[in-house]
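Got your viewer open and a selection tool at hand? Let's walk through this one together, stop by stop.

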Amino acid sequence: MRASNTPPRYGTVAITFHWVIAALILVNIALGLYFADLPRSNPIKFELVQFHKSIGLTVLTLSIFRVLWRIVNPVPALPADMNPLLRVVARGTHYLLYLLIIAIPLSGWMLVSSSPLGLATNYFHLFSWPNLWFLSELPRTQKIPLRDAFDTTHVFLAWSAIVLIPVHLGGALYHHFIRRDDILKRMLPSTTVTSLQAAE
Amino acid sequence: MTIKSPIAPLVIVLLLTVPASAAHWKVDYSKSKIGFSVNWSGQPFSGTFKSWRADINFDPADLAHSRAEVSIDTGSETSGDAETDEGIKGAQGFQASEFPTALFQTTGFIHKGGNDYLANGALSVKGISKSIALPFALTLSGATAHVVGKAQILRTDFRVGTGDWAKPDPVAREVAVHIDIVATRSGP
């Protein structure tokens with residue numbers, strides 16, 4: 001299998017980006033939902049939040065490279081006989097997910113940076129990941145409303161992903177089990193993809 | 001049996017009660033305030049405690065028999081921002097769920113001259129007790145006393161701020177505890 005995308009299938013780089021980011025996002029959604037209501041009197045909360053931030057910043061970094069890779073690497077086409085409306089839904093979902101894998105961690109980083117608590121992220125206990133200076137250096141009174149706004153944004157975007165991921169997953173399963181085409185298989189490593197040479 | 005007489009416990013209680021001879025003062029909590037200030041992210045930060053009690057027996061002419069005891073509900077800390085307060089009261093801060101009370105008990109008073117006094121005492125926070133000095137100014141007018149004081153302490157002496165929060169950044173280790181108490185003489 002090739003590293004870059006080919007007309008019938010995704011290459012190993014795109015596949016790795018896809019599944020690593022997918023796994024990290026699922027872990028982070030679960031963590032976020034779990035610790036949201038956990039009181040700070042619980043000592044585990046601090047560690048969970050630090051872990052969530054470390055994962056999120058990893059997603060952000062990977063996603064930036066992933067989008068760059070996507071720009072220089074044309075993706076395999078959708079089946080030519082696909083319903084035009086479903087094509088729009090499929091591609092629209094893809095673009096929104098690309099947006100979200102950048103916007104969710106970025107809004108989280110902005111949320112952390114504007115927190116009056118002012119603590120930098122301890123990235124997997126390896127090093128201190130800095131806060132965004134243009135937010136962290138603001139006076140406390142200006143930080144609080146920004147923190148609240150980024151908090152709302154971060155939660156809204158995360159819920160958007162929680163809604164969009166099943167749409168994306170449903171589409172993949174629809175292709176695999178109902179249309180019985182290679183759409184899902186071409187995002188899986190070590191599968192043989194035969195059809196789908198058609199241009200979009 | 002070590003207690004030989006049935007009135008012995010009563011005698012002990014009386015003996016313990018007698019030394020409080022300095023005047024007792026009733027605190028006007030609506031006019032009084034206990035709080036702290038600290039440098040946080042290079043900016044001044046302050047919080048107050050909404051719930052505390054002070055038991056004060058004080059006579060400028062009889063400092064030897066003067067004493068004060070202040071108990072503060074650490075869970076009543078407020079700065080006006082819920083996230084910050086949760087952190088301060090949380091597991092790495094006051095740990096208020098486990099250590100709900102901070103206690104200051106004087107061990108002696110010194111008159112520094114004019115209105116200025118010094119209260120030496122023990123401050124207990126999170127189960128750790130340290131000697132601290134609380135300089136204060138006392139203004140007496142009739143039966144009313146106004147006390148304004150500030151004690152400099154190190155929060156890390158009391159494990160307030162553990163883990164990443166023990167570092168001097170973003171929260172400085174030097175904390176000033178401020179008291180501003182208005183009280184009226186209520187007894188002998």
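## Stop 1: where the chains meet

Select both chains of this predicted model and look at the contact between them: 16 residues of chain B touch 14 residues of chain A. Now colour the chain B side by secondary structure. Two elements, strand S3 (43–49) and helix H2 (82–89), each bring at least two residues to that side. H2(B) gives the largest share, with four residues. Switch to colouring by residue character, and the chain B side splits into four nonpolar, eight polar and four charged residues.

## Stop 2: helix H2 of chain B

Stay with H2(B) and show its side chains. Which of its residues are buried? Pick out B:Thr84, B:Gly87, B:Ile88 and B:Lys89, which are the buried ones. A reminder for the eye: an α-helix has 3.6 residues a turn, so residues three or four places apart point the same way. To see what the buried residues of H2(B) pack against, add S3 and strand S6 (77–78) of chain B.

## Stop 3: from S3 into its neighbours

S3(B) has now come up twice, so follow it onward to its pairing partner. Show strand S2 (residues 33–40) of chain B; S2(B) and S3(B) are antiparallel, with six bridges between them. Zoom in on the turn of this hairpin: two residues lie between the strands, and B:Ser41 has a positive phi near 55°.

Next, select B:Gly35. What stands opposite B:Gly35 in S3(B)? The residue there is B:Thr48. B:Gly35 also faces B:His178 in S11(B). That strand, S11 (residues 171–185) of chain B, pairs with S2(B) in the antiparallel sense over seven bridges.

## Stop 4: S5, S7 and S8 of chain B

Move to strand S7 (residues 101–113) of chain B, and show strand S5 (residues 67–73) with it; the two are antiparallel and share five bridges. One position to label is B:Ser71, which sits opposite B:Leu103 in S7(B).

Then add strand S8 (residues 116–125) of chain B, which runs antiparallel to S7(B) and is joined to it by nine bridges. Here B:Phe109 has B:Ala119 in S8(B) as its bridge partner. As you turn the view, keep in mind that in a regular strand the side chains alternate between the two faces of the sheet. The hairpin of S7(B) and S8(B) has two residues between its strands, and B:Gly114 there takes a positive phi near 60°.

## Stop 5: chain B as a whole

Zoom out to chain B, which has two helices and eleven strands. Read from the N terminus, its elements go α-β-β-β-β-β-β-α-β-β-β-β-β. Of its 188 residues, 30% count as buried. Among chain B contacts between residues at least 6 apart in sequence, 54% join residues at least 24 apart.

## Stop 6: the long helix of chain A

Cross over to helix H3 (residues 84–113) of chain A. Its 30 residues reach 43 Å from first C-alpha to last, close to the 44 Å expected at 1.5 Å a residue. Where is the kink in H3(A) centred? Centre on A:Leu100, where the kink is about 25°.

## Last stop: confidence

Finally, colour by pLDDT. Chain B averages 91, and 88% of its residues reach 70 or more. Select residues 11–16 of chain B, though: pLDDT stays under 50 there, and the model has zero contacts for them beyond four places in sequence. Where pLDDT is low, the predicted coordinates should not be read in detail. For the model, ipTM is 0.82 and pTM is 0.86.

Key: Residues numbered from 1 in each chain as written. Chains lettered and ligands numbered in written order. Predicted model: local features only at pLDDT ≥ 70, side-chain atom pairs only at ≥ 80, totals over all residues. Contact = placed C-beta atoms within 7 Å. Nonpolar A, V, L, I, M, F, W, Y, C, P; charged D, E, K, R; others polar. Buried ≥ 20, exposed ≤ 12 C-beta atoms within 10 Å, placed from the backbone. Pairing = 2+ DSSP bridges. Expected span 1.5 Å × (residues − 1). Bend = angle between axes of the 7 residues up to and from the residue. pLDDT = per-residue confidence, 0-100.
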